[in-house]
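User: Please take a close look at one part of this model and explain how its charged side chains are connected. Then go on to what lies beside that part along the chain.

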Amino acid sequence: MRQSVATLLCALGCATLIAACGGERGDETVAAESRDAEQRVPLVVPDFGDSLEAEEQELLVMPDYPEPLSGHLVTRSAGADEIAGEWPARVGSCEDSRTLQLLATGERTGAFLLFYRVPAGDEAFVYPVVPVDSTSPEPPAVRIGVQFLGDRMGDSFQGVEGMVELTALDDHVSGRFAIPLINVETDDTVLYAGVFEQVRVRPSSPLECRLFEESEEPADTLLPADSLD
């Protein structure tokens, strides 16, 4: 199952993951805004339940940052417990496209962060979250996708606003985020807090890097699960 999650997440990075599982959210996209990552984000979400009473509401509160674990992505969630956990992470780097790809996978769950970096010598440490579309965003920016595979079906989530803060960026990467995610099938909101600590950066293969280069016709090739090893 881990191999299936990794293969799916590597399919054109975040863009193909979300497009394949629910399409783009062009009209519903909210512009990314810088915010204090420590701030709790209260969201009121309707809970219709069996009673079908629309007035009933559930208050979601942003989880606290989890304790970091070296070499791992550790996450907490409010609204979808199955996408929370701690998983070994790996980071690939493509110099030509100036991208970093952080991939973390568990038995049924995986998360993918695709960073679009500014030119060398002017590195940024705050990356606004941008929703998925067919074009490369203006750096600095990051796209986030999360996939959960159930026994019969899966759920896909994407980040649409907020920011990811990098606290270290050299041969190892560390950072954190506290952002809302949207289920691309149901439009349900999940609050997602995570940290990644001292994840080693390795050069991505030429095949992997070609998938993240801007092109008029994105490739549809799936990367093998072991391609980032």
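Analyst: In this predicted model, salt bridges join Glu-95, Arg-98, Arg-117 and Glu-123 into a network. The structure holds four salt bridges, and the network can be followed one pair at a time.

Start with Arg-98, which forms a salt bridge with Glu-95; their closest N and O atoms are 3.4 Å apart. The side chain of Arg-98 also meets that of Glu-123 in a salt bridge, at 3.6 Å from N to O. This second pair links distant parts of the chain, since Arg-98 sits in the loop between β4 and β5, while Glu-123 sits in the loop between β6 (109-116) and β7 (126-128), 25 residues apart. Glu-123 in turn has a salt bridge with Arg-117, at 2.8 Å from N to O.

Are the two arginines buried or exposed? Buried means under 20% relative accessible area. Arg-98 has 14% relative accessibility, so Arg-98 counts as buried. Arg-117 has 13%, and therefore counts as buried too. Glu-123 has a relative accessible area of 27%, so Glu-123 is partly exposed.

Next, consider the cysteine at the end of β4. Cys-94 and Cys-209 form a disulfide, with their sulfur atoms 2.2 Å apart. Cys-94 belongs to strand β4 (residues 85-94) and Cys-209 to helix α3 (residues 206-211), so the disulfide ties together parts that are 115 residues apart in sequence. The torsion about the S-S bond is about -95°, which means that this disulfide is left-handed. Both Cys-94 and Cys-209 are buried. The count of disulfides comes to one.

On the other side of the loop is strand β5 (residues 99-105), which contains Gln-101. Gln-101 has 3% relative accessibility, so Gln-101 counts as buried. The side chain of Gln-101 is joined to that of Thr-99 by a polar contact of 2.9 Å. Another polar contact, of 2.8 Å, joins the side chains of Gln-101 and Ser-204. Leaving aside neighbours within four places in sequence, Gln-101 is in contact with several residues, among them Arg-90, Val-91, Gly-92, Ser-93 and Cys-94. Phe-112, Leu-113, Leu-114, Ser-204 and Phe-212 are also in contact with Gln-101.

Cys-94 thus appears twice in this account: as a partner of Cys-209 in the disulfide, and among the residues in contact with Gln-101.

Notes
Residues are numbered from 1 along each chain as its sequence is written. This is a predicted model: local features need pLDDT of at least 70, side-chain atom pairs count only at pLDDT 80 or more; totals for chains, interfaces and linings use all residues. Side-chain values use heavy atoms; hydrogens and water are left out. A disulfide is a pair of cysteine sulfur atoms within 2.5 Å. Helices (H or I, at least four residues) and strands (E, at least two) are DSSP runs, numbered from the N terminus. Buried means under 20% relative accessible area, exposed over 50%, partly exposed in between (1.4 Å probe, protein chains only). A polar contact is a pair of N or O atoms within 3.5 Å; within protein, one must be able to donate a hydrogen and the other to accept it, and residues adjacent in sequence count only if both atoms are side-chain atoms. Contact means heavy atoms within 4.5 Å.
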